[in-house]
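Please find below my note on the model you sent round. I have kept to two places in the chain that seemed worth a careful reading.

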Amino acid sequence: LSGVTKISVGEATNCAILSSPVGTLKCWGYGASGQLGVPAPPSSSATPLTVNLGAPATDVGVGEFHACAVAGGGMKCWGTNYAKEVLDTGVSQYDTPQTIPDLTSGVALASAGNANSCAVMLTGAIRCWGANGTGQNGTGLTVSSGTPQNSLITSGATAIGYGSDHRCALVGDSARCMG
């Protein structure tokens with residue numbers, strides 16, 4: 001795969017944003033949980049598959065069994081939904097990207113973790129949803145939520161990463177971690 005401008009790797013899935021055509025998102029690897037982002041997903045694919053986001057991707061985050069991307073300034077997620085890390089519904093898996101309500105604009109970065117998701121807003125604020133048993137969503141609580149919640153980081157975040165049950169953000173020249 002050439003022309004890669006951004007890449008993210010998860011448990012066993014990889015996604016990359018390409019420079020040509022600008023913002024094309026391709027994913028490959030394990031896909032049985034829908035994390036490849038394509039209709040009727042194969043259980044795995046060694047060949048990168050194009051994910052239809054409806055707009056060019058500017059950022060991508062791959063988690064354990066789901067993924068999220070920023071496209072057209074909004075957040076879209078797909079894959080396993082057992083902790084409502086995609087949407088606040090009873091649906092257990094989304095094979096194609098789903099628009100996240102309340103995050104249709106103003107999103108800069110995407111982060112997908114172990115059954116949770118976060119968006120870094122253009123303001124540098126962080127909003128997270130899904131599993132939160134260890135406080136990894138940074139709200140100051142350990143209550144899970146299927147809808148984006150404001151974290152205690154309300155401005156200044158410029159990067160975000162995740163671990164199994166924690167997440168760290170770059171705020172100014174400091175690491176701020178949660179979970």
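The points below cover the basis of the note, then one strand with its neighbours, then one loop residue.

1. This is a predicted model, in which local features need pLDDT of at least 70 and side-chain atom pairs count only at pLDDT 80 or more, while totals for chains, interfaces and linings use all residues. Residues are numbered from 1 along each chain as its sequence is written, and side-chain values use heavy atoms, with hydrogens and water left out.

2. Strand β6 spans residues 66-71, and six of its six residues are buried (under 20% relative accessible area, 1.4 Å probe, protein chains only); strands here are DSSP runs of E, at least two residues, numbered from the N terminus. In a regular strand the side chains alternate between the two faces of the sheet. Both faces of β6 are covered, with His 66, Cys 68 and Val 70 on one side and Ala 67, Ala 69 and Ala 71 on the other.

3. On one side in sequence, β5 (residues 57-62) runs antiparallel to β6 and is joined to it by five bridges, where pairing requires at least two DSSP bridges. Gly 61 has Cys 68 as its bridge partner, and the hairpin between β5 and β6 passes through three residues.

4. β6 also pairs with β7 (residues 74-80), antiparallel and over six bridges, and Val 70 is bridged to Met 75. Two residues separate these strands in a hairpin, and Gly 72 in the turn has a positive phi of about 60°.

5. Asn 137 lies in the loop between β11 and β12, and it counts as buried because its relative accessibility is 2%. Its contacts (heavy atoms within 4.5 Å) include Cys 128, Arg 167 and Met 178.

Technical notes
Buried means under 20% relative accessible area, exposed over 50%, partly exposed in between (1.4 Å probe, protein chains only). Helices (H or I, at least four residues) and strands (E, at least two) are DSSP runs, numbered from the N terminus. Lists of a residue's contacts leave out its neighbours within four places in sequence.
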